[in-house]
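Thank you all for coming; I would like to take a few minutes to walk through one model, and I will start from its pocket and work outwards. Please keep the structure in view while I talk.

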Amino acid sequence: MNLFRAIIKRPVKFVAMMLTAATGSAGIAIAAGPAPVDLGEANNYAILSKAGITTTGVTSVVGDIGVSPIAATAMTGFALSLDSEGQYSKSKLVTGKVFAADYAVPTPAKQTTAILNMEAAYTDAAGRPADVTEKNKGNIGGLTLNPGIYKWSSGVTIPKNVTLSGGANDVWIFQIAKDLTMSNGTQVILKGGAQPKNVFWQVGEQVTLGTTANFNGNILGKTAIVMQTGAKVNGRVLAQTAVTMDANTVTQPKI
C-alpha cells in the first residue's frame, strides 16, 4: 500500500509504469493527446487523390497509390503497366499497386470507399475540440510540440525544423484553415518514439513541401499538395484535389 500512496501524485504515465512493476501485470500503453483519426480504407494508400497525381524526376513511393473519381490518365509520369485482369497497374516508381476509378471491378467501388473515408477523416480531424489555438501565430519553426490538438485560423509555416515529442502511441492533430508551407531543407522531427501514423495534418488550402524537406505524418489536404524537388514524406499524402511531385519519396507507415 505504501508504494501506491507514494506514486498517487505522479504523472499518469509514470503511475501506469509503476503499477505494472508493482503488480507484475502486463503493461497497458497510455497514449497522450486525442484518439487517432480513423482513415478507413484511405489507410491503405501512400497517396490518394481525387484529381490526379503527377510526377517528374526519379520518384519513389513505398505503398499503394490511387485516384478517384478521375481516371488513370490523370496519373502522369509513372509509366503505368496494367495487370492482366485490369484491376490495377504497376510502376517502377511505386513499390505497391496503382489503382484508378476506371479499372476493372472491384477496383471502382474500393476507390470510391477510400475517397469517402478520406473525406470523412478530414471532417473528423477538422471538427475535434482544440487544446491549443493560434500557437506562435502559425509559425511553428523551431518549436517542440507535445501531443494534442492544435488549431490555426490562418496558415502555418515551418521555416526551420519543428519537433514533435512524445511516445509511440501519442497523437497529434493539426487543424490548419489555410496553407501549410514548409521551407527548403527543413524537417518535421519525431522524438521519443513518436510515429508518423499518429500525426495528422488537416489543411484547408494548399500544402507546399519545400525542396529536400523531410515531412512526417498524414496530410489530409482539402486542395493541392505540392512536393518540390527531393522532398520526402514519411506518412500519407491524401488530397481532395491534385498531388504534384518532383523526384520525391513517400513512404506509407505500417498499419
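The largest share of the lining of the largest pocket, 4 residues, is contributed by helix H3, and I should say at once that this is a predicted model. The pocket has a volume of about 180 Å³, and its lining includes Thr107, Lys110, Gln111 and Ala114, together with others, among them Glu41, Tyr45, Asp64 and Phe99.

Let me stay with that helix. H3 runs over residues 107-127, and because a helix should rise 1.5 Å a residue, its 21 residues should span 30 Å, which agrees with the 30 Å between its end C-alpha atoms. Which residues of H3 are buried? They are Thr107, Gln111, Ala114, Ile115, Met118, Ala121, Tyr122 and Ala125, and since they cover an arc of only 120 degrees around the axis, they lie on the same side of H3. This fits the general geometry, as an α-helix has 3.6 residues a turn, so residues three or four places apart point the same way. On the face turned away from that buried side, H3 carries the exposed residues Ala109, Thr123 and Gly127.

Turning to the interior, the largest nonpolar core has 46 residues, of which Ile47, Phe174 and Trp201 touch the most other members. Another core, of 18 residues, lies apart from it and includes Leu48, Ala114, Ile173 and Phe200. As for Ile47, if we leave aside its neighbours within four places in sequence, its contacts include Ile53, Val61, Ile65, Val237 and Met245, and also Asp64, a residue that appears in the pocket lining as well.

How values were computed: Residues numbered from 1 in each chain as written. Predicted model: local features only at pLDDT ≥ 70, side-chain atom pairs only at ≥ 80, totals over all residues. Heavy atoms only, no water. Helix = DSSP H or I, 4+ residues; strand = E, 2+ residues; numbered from the N terminus. Expected span 1.5 Å × (residues − 1). Buried < 20%, exposed > 50% of the residue type's maximum accessible area, 1.4 Å probe, protein only. Arc of directions from axis to C-beta. Core = buried A, V, L, I, M, F, W, Y, C linked by side-chain atoms within 4.5 Å. Contact = heavy atoms within 4.5 Å. 1 Å grid on protein atoms, 1.4 Å probe; cavity = no way out; pocket = protein on both sides within 12 Å on 5 of 7 lines; lining within 4 Å. Points joined across faces, edges and corners; volume = space filled by probe spheres on them.
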